[in-house]
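Dear colleague,

Please find below the structure that I am handing over to you. My notes on what was found in it follow directly after.

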Amino acid sequence: MRGWLEEWSARLRPDRARVPVFYDESYRLPFSGLEVSTGIEPRRVDFTTWYLLETGIVRPTEVHRPLPVSYAQLARVHHVAYLESLGRPEALARIFGVDPSDVPVDTLLDSVRRVCGGTLEATRMALAQGRPVANLAGGFHHAAPDHGGGFCALNDIAVALAAVRADGFDGKTVVVDLDAHPPDGTAACFAGDAKVWIGSISGSSWGALPGVDEVLLPEGTGDAEYLAMLEALLNRMPRAQLAFVIAGGDVLRGDRFGRLGLSLEGARRRDRLVARALRGLPAVWLPGGGYHEDSWKVFAGSMLVLGGRGHRPIQERFDPLSARFQRISRLLSREASSDWDWEPITLEDLEGSLGHTLPPQPRVLGYYTAQSLEYALYRYGLLPHLERLGYSRLRVELGTTGAGDRIQLLGQADGREHLLVDCILERRCIGEEQYLFVNWLTLRHPHARFSSLRPQLPGQEVPGLGLSREAGEMLMLMAERLKLDGVAFRPMWYHLAVVARARFRFVEPARQGRFEALMRDLSHVPLLEATRLVADGHVRLNGERYSWEASDMVSRRAPVVDDAPAIAQERERCRFTVDG
């Protein structure tokens, strides 16, 4: 009941309830292989931000873009020798669990320093306004003064507190660390500091952490026990003049690296308890870690709590990427039609009026020019992301093949031009529906290399760009613009179907059922290993050797007749096992 009353109180003071946030597109780590090699969703911060913006929880004017912290500010916390070591790709690769070839050092350090800048500026704003402020990335609690680890290169909380202390702040500070892992780096940064209290609830033991009020919970601990322990921890928390909260998203049941068992509702209740305990106190909220497909919803829920909407549910199937791209598509359509009731004169029109004949400008499927595609790639954020990966002079080329119209995106790196995207499209009828059929799509990152951390997948010549979700959304928007029923393709390998499963499904219900059974029974096997086991014939279906079925998958624009019973029947009939 008290939570509902708090929300009604917030609605009576809407301006006070709105929470400023810090975010920049460069918060996304510039790694192309992170999703496949580790299972981590590299768009997690973007998903949270896009949800908040697309649903109106946060206004665009409430999103502040931080500057990177200076090395002088970092040197208040981190040893000079350690900061110097971060200029080596090998050092950063170890911290982030990637291959050194996948590390654009300058871009990565700019990202991490900018996140630290977000935490610092949020701290200054929280102190100035006496209210909670959020940085939509951060909580790098594994970074110690002389080393980093666990995806944490710099300790943004320690850097921010050192900076505001230099500004004159001298109050007591509390760090409420609710990430599923212990705050070893933060403990090292504040060792012996009597004015900092650190409280932690985690599901992993990394040894004793002096100076931390640490609660270690058994693996799989659920909502009720966790919340009881949290209330006790908050009761022990001392009075303070500043708080940092790491509202970790890795507490969810089934998280890849966390070991706790909270539900989304349990995580929301966690945040309500913390927000209530810190009411009236300047507080900086940070997302910490999160390696579950729904982990972005945890910090989005934190923002709902802080904004007085803690009981507002997040739709189970809400797709922030799709919502974002749909909005950009509407803006592009509006830009193309606004303020003009005539078509602009083209070079073809001018040359024609002078009696010259030029070959017609190539158009994909009779609609898209190279320039329009390049502009779309820019507006959807793909070109800026590729530039962060080290490519420049990006350009689009169009052509035709016997299998359909061809789109190629090229870019320069290492003094030469590389093929980055190669796509062949056609209109194709499947059943009674017309689809944008993808005969070929490859997303190439030739600047990276294969390694033990990033093994070569079947069908790959060079590592991928990590942009398959974005490519799928753009193709869906193309199908919508062309008034087709959806997008279709034929995955030749298991991992391609797994990556596409969020938006695509097999046409035949029985085939979809077998695929879901295969994912269920191989869920304990890393994707890289699973796709090889299937490709090499080491998987059996109900005792018989199984060969991958390369059949059509579709993503429809409109709902279809519910065939869930047929899918479920086949899924339950099938049991897959691995040889040996």
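**Aromatic pairs and clusters**

A search of the whole structure, which is a predicted model, finds 19 aromatic pairs. One of them is formed by Phe489 and Phe504, whose rings meet edge-to-face, at 5.3 Å centre to centre and with 85° between the planes. This pair links distant parts of the chain. Phe489 belongs to strand β13 (residues 486–489), whereas Phe504 lies in the loop between α19 (494–500) and β14 (505–506), and the two are 15 residues apart. Phe489 has a relative accessibility of 16% and therefore counts as buried, the cut-off being under 20%. Phe504, at 9% relative accessibility, is likewise buried.

Elsewhere, ring pairs join Phe47, Trp50, Tyr51, Trp296 and Phe318 into a cluster.

Arg511 deserves a separate entry under this heading. Arg511 lies over the face of Phe506, at 4.0 Å from the ring centre. Arg511 also lies over the face of Trp548, where the distance from the ring centre is 4.7 Å.

**The parallel sheet of 8 strands**

An open sheet is formed by 8 strands in the order β2-β1-β3-β8-β7-β4-β5-β6, and its pairing is parallel. The edges are taken by β2 (63–64) and β6 (212–216); each has a single partner strand, so one side of each is left without a neighbour in the sheet.

Three of the pairings can be followed residue by residue. Strand β1 (residues 21–22) and strand β3 (residues 132–135) run parallel and are joined by 2 bridges. Here Val21 stands opposite Ala134 in β3. On from there, β3 pairs in the parallel sense with strand β8 (residues 283–286) over 3 bridges, and Ala134 stands opposite Trp285 in β8. Ala134 is thus placed opposite Val21 as well as opposite Trp285. Further along the sheet, strand β4 (residues 173–177) and strand β5 (residues 196–202) are paired in the parallel sense over 5 bridges; in this pairing Thr173 stands opposite Val196 in β5.

**Strands β11, β12 and β13**

Strand β11 (residues 416–430) and strand β12 (residues 433–443) run antiparallel and are joined by 10 bridges. The two strands form a hairpin with 2 residues between them, and Gly431 in the turn has a positive phi of about 65°. Within this pairing, Arg427 has Leu436 of β12 as its bridge partner.

β12 also pairs with β13, in this case in the parallel sense and over 4 bridges. The bridge partner of Leu436 in β13 is Val487. Leu436 therefore connects to both neighbouring strands, being the bridge partner of Arg427 and of Val487. Together with helix α18 (residues 468–481), β12 and β13 make a right-handed β-α-β unit. β13 is also the strand that holds Phe489 of the edge-to-face pair described above.

**The antiparallel sheet of 3 strands**

A further open sheet has 3 strands in the order β16-β15-β18, with antiparallel pairing. Its edge strands are β16 (544–545) and β18 (576–578); each of these has a single partner strand, so one side of each lacks a neighbour in the sheet. Strand β15 (residues 539–541) and β16 run antiparallel and are joined by 2 bridges, with Glu544 in β16 as the bridge partner of Leu541.

**Two individual residues**

Ser322 is found in helix α14 (residues 320–337). Ser322 is buried, with a relative accessible area of 13%. Its side chain makes a polar contact of 3.4 Å with the side chain of Glu473. Apart from neighbours within four places in sequence, Ser322 is in contact with Glu473 and Arg503.

Leu127 is placed in helix α8 (residues 105–129). In contrast to buried Ser322, Leu127 counts as partly exposed, at 28% relative accessibility. Leu127 and Phe169 are 42 residues apart in sequence, yet their C-alpha atoms are 8.9 Å apart in space. Once neighbours within four places in sequence are left aside, the contacts of Leu127 are Val164, Phe169, Gln241, Leu242 and Pro282.

With kind regards

Definitions and conventions. Residues are numbered from 1 along each chain as its sequence is written. This is a predicted model: local features need pLDDT of at least 70, side-chain atom pairs count only at pLDDT 80 or more; totals for chains, interfaces and linings use all residues. Side-chain values use heavy atoms; hydrogens and water are left out. Rings of Phe, Tyr and Trp (its six-membered ring) pair if their centres lie within 6.5 Å; planes under 30 degrees apart count as stacked, over 60 as edge-to-face and the rest as tilted. Buried means under 20% relative accessible area, exposed over 50%, partly exposed in between (1.4 Å probe, protein chains only). A charge sits over a ring if NZ of Lys or CZ of Arg is within 6 Å of the ring centre and within 35 degrees of the ring normal. A crossover is right-handed if, with the strands pointing away from the viewer, the path from the first strand over the helix to the second runs clockwise. A polar contact is a pair of N or O atoms within 3.5 Å; within protein, one must be able to donate a hydrogen and the other to accept it, and residues adjacent in sequence count only if both atoms are side-chain atoms. Contact means heavy atoms within 4.5 Å.
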